[in-house]
Structures are given as C-alpha cells and as structure tokens.
Amino acid sequence: MSDWRPRLIASDMDGTLLRWDDTVSDATVAELERWRADGVPVVLATGRPPRWMVRIREVLGYGTAVCCNGAVIMDLERFEIVHEDPLHPDVLTSVTAELRRRQPDTWFAVEYGLEFRHEPIYKPRWDVDAPGVAEATLEEMTTQPVAKLLARHEDLPRDEFVAMVEDVVGDRATVTHSSSDALAEISAAGITKASGLARVAARHGVGPEDVVVFGDMPNDIAAFEWVRAAGGRAVAMAHAHPDLMAVATDVTGTNDDDGVARFLASL
C-alpha cells in the first residue's frame, strides 16, 4: 500500500490531533492544510459536543465535525449543526431507570447540542461554570431527545462500570467510552463515529476504502473497523488503548509527537 493516498482524512481530537495541552501544533495545521489544498476533505470525529468546537474552529476554520460520537454532524465554517441522530425520551427514561436500579450511585448528564445538563450530584470534569451548562433533575433531562447520555460512577473501576452499562442498555442504544474515569457515553442505537463518518464520506462521494482514520480510544473502534474492512487505513496513536490497537492497520507517534502529521507526510 505504499502508493495509497486517502481521499478523506478523519481524525479524533483529544489524545490524537490535539496535544495534551489542548492545542494543535503548527506542523499539524500546515500538513492538514496541504491535503485540503489538494482537494482532500478533513473531518474531525470526536466524542466532544458541538459547543466544544469553538477553539478548533479558530485553528482550522473549515471542514466538518462528527460530534458526540456520531450523533451530531456540524459544519465548522458556518458553525452550524447539519444533522442529528438523537436518543429519544422513551429510551432515556427506561435506560436511566434501570441503571439507577442496578447501581444507585450512577449519576447522569445529557448533551443537547449546544447545551449541557447534569444532575446536581454529577461532577462535571470540564464544564464547571461554563456557558450553556446547568443543573437539572433526571426527569427534566429525559423529557426531550438528546445527542448523548452520560452515565458516571465515582467509585467503580471504569471497565467494570462500562461493562455493566452495556449489559443494562443491550441493543436499545450504543455504549462506548473515551475517558480514564468510570464514564459511559450512550448514543442512539447504531450511532457511532463510523455511522457519522459514513454519512459525511458519502456526501463527498468517498468510500471507506479511501479513508484514513486516526484515533486513540475505544470510541474510535467502530470507525477503525469501518475503514479496515474496506481496505482503508486505521491509524492508532502510539499510546492508544489496547482494544483500539487490536483493530488498527497502522501505528503512528503520539499526539505530542505530531503523530497525525507525521503519518500523513509519509504518504
């Protein structure tokens, strides 16, 4: 595959495109711009909600973002949501009730596009006193569709908690995780980074065989499997989670070593 070149570039943000100080290096910006100038779309595929895309938009200023693990597609240039696949109230109500019964100390939060609501006892790690963030009761949070449901436990080990959530949720929704904490990210059934990227790629007339995807955590697995099955490239960062490494076609440097830019330059 030495002569293989992508027709679409997709990258996770945290731990992948972004360095640990939450910045994008000049070298990475220049490399992405080089490909964009050659007609190759650059797509961000992230667990982040749309409201967290302001700073990356200031850096890149263009492209499409697949947010909330595939549930929301955003035009970065216009800063406009162009498609959503939400979780509906009936699923929210049943899932949260059953999780609370199984583990009473499970606490919830939801993403509403540009808004974030969390139970008073839920402890946000990044959204303290931020615009669009407010407390709400569980009943209030489950009365309308949401982009993503977050379930957190402060005491259980991450893998044990996520496995419990997967067992309770079953096929009613999609469960993934991208944090070192016991935090499960729940989207509508069938919604993953792969489904979001497939929708964006189709708009560009590109198939998975012509896509390169970069990532570092289990919420990237579906996207990796999507491109790998078709002959595309699934590139794990050097520090990636073992479960993601297992489905990667390639490994590049860490995010602090400009791994994304280095791999693209090698093509």
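In the predicted model, R117 stands opposite A134 of strand β8. Strand β7, spanning residues 115–118, is joined to β8 by parallel pairing over 3 bridges. Both strands belong to an open sheet of 6 strands, ordered β8-β7-β6-β9-β11-β10, in which the pairing is mixed. Strands β8 (133–135) and β10 form the edges, each pairing on one side only. From one strand to the next, the twist averages 20 degrees.

Helix α6, made up of residues 158–169, lies across three strands of this sheet, namely β9 (148–152), β10 and β11 (183–188). The helix runs at about 25 degrees to β11.

Edge strand β10 also takes part in the second largest pocket, where this strand supplies the largest share of the lining, 3 residues. The pocket holds about 180 Å³ of space. Its lining consists of 15 residues, and V175, T176, P218, N219 and I221 lie nearest the centre. Two elements, β10 (173–176) and α8 (221–230), each give two or more residues to this lining. By class, the lining comprises 5 nonpolar, 7 polar and 3 charged residues.

A further contact is formed between two helices. Helix α2 (residues 26–37) packs against helix α10 (residues 259–266) at an angle of about 40 degrees, and the two axes are 8 Å apart. The crossing of these helices is left-handed. On the α2 side, the contact involves A27, T28, E31, L32, R34 and W35, which meet A261, L264 and A265 of α10. The residues of the contact between α2 and α10 divide into 6 nonpolar, 1 polar and 2 charged.

Key. Residues numbered from 1 in each chain as written. Predicted model: local features only at pLDDT ≥ 70, side-chain atom pairs only at ≥ 80, totals over all residues. Heavy atoms only, no water. 1 Å grid on protein atoms, 1.4 Å probe; cavity = no way out; pocket = protein on both sides within 12 Å on 5 of 7 lines; lining within 4 Å. Points joined across faces, edges and corners; volume = space filled by probe spheres on them. Helix = DSSP H or I, 4+ residues; strand = E, 2+ residues; numbered from the N terminus. Nonpolar A, V, L, I, M, F, W, Y, C, P; charged D, E, K, R; others polar. Axes fitted to C-alpha atoms, helices over the stretch in contact; angles between N-to-C directions. Left-handed = near helix turned anticlockwise from the far one by under 90°. Contact = heavy atoms within 4.5 Å. Pairing = 2+ DSSP bridges.
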